[in-house]
Amino acid sequence: MESLRRLLQLSYRDRALRFTPVGFRFFLITLGVGIGALNTGNNLLYMILAMMLSLIVVSGILSEQSIKRISLSRSFPQSVFAASPFLVELRVTNLKRFVPTFSLQIEDLGEGDVALGNHYLLKIAAGKTLVLNYRARFERRGRHAFTGFRLTTRYPFGLFVKSREIRKERAILVYPEILPDRFEGIRTPGDGTGKLPNIRKANEGDFLGIRDYRTGDDSRSIHWRSSAKRSSLMVKEFEAEQSHRVSLVLDGAFGMGHLENPKELFETAVRIAATLVLRLDQRGFQTRLVTRGRTTPFGLGTHHARSLLEILSLVEGEDLAETNPPDPGSWRNGRQGSVVFISARPDALSGIPEECIPVSVLDFHRSLNEPP
């Protein structure tokens, strides 16, 4: 029976039609009535056959009306983090002027046509728009894709399941997972207690000079005379600002032969770097990110933090067990502030200059699996 039902399934372009269990039995009964009518010539059987066939035809027409001329769009929040649920907003519009849509199932499809969201709508009035929300979640960082929508209906009699696929791709960049609050003990620049020092106002300390304006700078520090001469914003820089600068150096090599899954260690290193980016920015520190072959400028504010998170979302580690680890002291020259060195290789943490702060990824990786 099941193989026969599959054989009777129809598919055309973006439409598909299959029997429900009730519809399949109804089809067999209709087939039996038709055979009986042909063999006996009984008018009553012909009338019953005509009625049953008309139900099938009406079912096809009305189900098509339900899934045609439906417009869908989706939107996401600006920041999406791995392993954290986020809301996806769907806007469903019935473009038909007079005919409402009934009994519509909407699936939002992801990679591999996996349904990420599922909604059932009893009715969408003609010309109306409904706003729906559902929670989605991605376990890994990087780029993910929403591929389209699948509309399904059993309207009106439940004899068939008619579906329509709408291809509407949308890419989303997922930031690395942020470590929970119980990992507040990540050592950050300060007095060794795991807490950041108090942030002083930007106009405290000795005057150093004039520099270009950067996103996140205090508008009260703008030097208007210099800005007028240069035709661009210039700000006054003070000694106190330099102690608020932190370079996050991420060692991209994860090759360690004695570990079962060194790639997981690198992922933990990326999570630590992303966590520090957010926490340092919240505390008013100017941060920059140093990875293999790339160094960002110092910056502060939401836009700058997002730019660093975008880099961390796509950064790739390399299996370089024999490569010498980078020297974190090379990123601390003059007035460049503190350096936090994040590496999954224990050998890379030996010989770190005193002014640089090492983060042992291996210790944090092990503690992730411990109960809070």
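**Notebook: strands, cores and odd angles**

I started with Asp113, which is partly exposed at a relative accessible area of 32%. My scale for that: buried is under 20% relative accessible area, exposed is over 50%, and partly exposed is in between, with a 1.4 Å probe and protein chains only.

Note to self on the source. This is a predicted model, so local features need pLDDT of at least 70 and side-chain atom pairs count only at pLDDT 80 or more, while totals for chains, interfaces and linings use all residues. Residues are numbered from 1 along each chain as its sequence is written, and side-chain values use heavy atoms, with hydrogens and water left out.

**Entry: backbone oddities**

Asp113 sits in the loop between strand 5 and strand 6 (115–124). I take helices (H or I, at least four residues) and strands (E, at least two) as DSSP runs, numbered from the N terminus. I checked phi of Asp113 and got a value near 55°, positive in a residue other than glycine. Most residues other than glycine have a negative phi, and most peptide bonds are trans, so I went looking for further exceptions to that rule.

Ser103 turned up, with phi near 50°, again a positive value in a residue other than glycine. Ser103 lies in strand 5 (residues 101–110). Buried or exposed, I wondered about Ser103? Ser103 is buried, at a relative accessible area of 16%.

Then the peptide bonds: Tyr155 and Pro156 are joined by a cis one, omega about 5°. Pro156 belongs to the loop between strand 8 and strand 9, which took me to the hairpin.

**Entry: the hairpin and its neighbours**

Strand 8 and strand 9 make a hairpin with six residues between them. In its turn, Gly158 has a positive phi of about 75°. How many bridges join strand 8 to strand 9? I get eleven, and the two strands run antiparallel. I call two strands paired if DSSP finds at least two bridges between them. One bridge I looked up matches Thr153 with Lys162 in strand 9.

Strand 9 (residues 160–174) also pairs with strand 2 (residues 15–19), in the antiparallel sense, over five bridges. There, Phe19 stands opposite Phe160 of strand 9.

Next I clicked on Thr152, in strand 8 (residues 142–153). Thr152 is buried, with a relative accessible area of 16%. Which residues is Thr152 in contact with, leaving aside its neighbours within four places in sequence? The list is Ser103, Leu104, Gln105, Glu107, Val161, Lys162 and Ser163. Contact here means heavy atoms within 4.5 Å. So Ser103, buried at 16%, shows up again, this time as a contact of Thr152.

**Entry: the cores**

I pulled up the largest nonpolar core, which has 33 residues. Such a core is a set of buried Ala, Val, Leu, Ile, Met, Phe, Trp, Tyr and Cys residues joined through side-chain atoms within 4.5 Å. Leu248, Ile272, Leu312 and Ile342 have the most contacts inside the largest core. Two or more residues each come from strand 12 (245–250), helix 6 (262–282), helix 7 (302–314), strand 15 (338–343) and helix 8 (361–368). Helix 6 gives the most, ten residues.

Apart from this core lies another, of 24 residues, including Phe76, Ala82, Phe86 and Ile172.

Back to Leu312: not counting residues up to four places away in sequence, it touches Arg141, Pro176, Leu250, Val270, Ala273, Ala274, Val277 and Leu289.

Helix 8 got its own check. Six of its eight residues are buried, so helix 8 is largely enclosed by the rest of the structure. The buried ones are Val361, Leu362, Phe364, His365, Ser367 and Leu368. They pack against helix 6, strand 15 and strand 16 (356–360).

**Entry: Ser313 and Val246**

Ser313 is in helix 7 and buried, at 2% relative accessible area. Setting aside neighbours within four places in sequence, I find Ser313 in contact with Arg141, Gly142, Leu173, Val174, Tyr175 and Pro176. A polar atom of the Ser313 side chain lies 3.3 Å from the backbone oxygen of Val174. Ser313 and Phe81 are 232 residues apart in sequence, yet 9.3 Å apart C-alpha to C-alpha.

Last lookup: Val246, in strand 12. Val246 is buried, at a relative accessible area of 0%. From Val246 to Gly299 I get 53 residues in sequence and 9.9 Å in space, C-alpha to C-alpha.

How values were computed:
Polar contact = N/O pair within 3.5 Å; in protein donor to acceptor, adjacent residues only side chain to side chain.
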